[in-house]
Amino acid sequence: MESHIAAVEFSVAADQLIGERVTLEDCHLVFATENEATCLGFTPQPVAAEATAPLRRVLIRLADVGELAQRQARGLCEGGALDEACHVSVSGVVEDQSSDFGVSDRHVLGLREGTIHWPD
């Protein structure tokens with residue numbers, strides 16, 4: 001059975017899920033190309049003493065989703081719009097992307113074979 005994780009909790013929960021298929025919920029697409037997308041997950045609204053709500057970023061390597069889906073992701077979500085149109089869920093396989101970033105002393109976790117699930 002596929003795990004469902006809030007995007008903001010991905011960096012903590014995903015460590016034990018490397019190689020498994022998961023679905024990220026509450027994902028805000030802020031950047032997309034034909035091969036990759038960036039998802040932001042926000043913590044709940046900050047308390048009055050905090051200036052802003054912390055966020056978490058997840059890099060998603062997209063599966064071949066076709067030209068229409070690519071255009072939709074780039075057209076709707078380019079430039080970091082945080083409106084409902086770019087509030088999606090994303091399924092993919094958890095992977096350690098450390099070597100892609102030249103980091104060997106810690107995990108940089110993301111998704112591969114990602115599929116964006118658009119709101120109805």
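These exercises cover salt bridges and the largest pocket in a predicted model.

**Exercise 1.** Which parts of the chain does the salt bridge between Arg61 and Glu95 tie together?

*Solution.* Start with the contact. The side chains of Arg61 and Glu95 meet at 3.3 Å, N to O. A salt bridge needs such atoms within 4 Å. Next, place the residues. Arg61 lies in strand S4 and Glu95 in strand S5 (residues 87–96), so the bridge joins parts 34 residues apart in sequence.

**Exercise 2.** Is Glu95 buried or exposed?

*Solution.* Take its relative accessible area, which is 14%. Buried means under 20%. Glu95 is therefore buried.

**Exercise 3.** Find the salt-bridge partners of Glu113 among the arginines Arg21 and Arg112, and describe their exposure.

*Solution.* Check Arg21. Its closest N and O atoms to Glu113 are 3.5 Å apart, a salt bridge. This pair spans 92 residues, from strand S2 (residues 21–32) to strand S6 (residues 109–117). Check Arg112. Here the closest N and O atoms are 2.7 Å apart, again a salt bridge with Glu113. Now the exposure. Glu113 has 39% relative accessibility, Arg21 has 34% and Arg112 has 30%. Partly exposed covers the range between 20% and 50%. Arg21 is partly exposed, as are Arg112 and Glu113.

**Exercise 4.** Which element gives the most to the lining of the largest pocket?

*Solution.* Begin with the pocket: about 300 Å³ in volume, lined by 13 residues. Helix H1 (10–13) and strand S4 (55–62) each supply at least two of them. S4 gives the most, with 4 residues. Finally, sort the lining by type: 7 nonpolar, 4 polar and 2 charged.

Methods: Residues numbered from 1 in each chain as written. Predicted model: local features only at pLDDT ≥ 70, side-chain atom pairs only at ≥ 80, totals over all residues. Heavy atoms only, no water. 1 Å grid on protein atoms, 1.4 Å probe; cavity = no way out; pocket = protein on both sides within 12 Å on 5 of 7 lines; lining within 4 Å. Points joined across faces, edges and corners; volume = space filled by probe spheres on them. Helix = DSSP H or I, 4+ residues; strand = E, 2+ residues; numbered from the N terminus. Nonpolar A, V, L, I, M, F, W, Y, C, P; charged D, E, K, R; others polar. Buried < 20%, exposed > 50% of the residue type's maximum accessible area, 1.4 Å probe, protein only.
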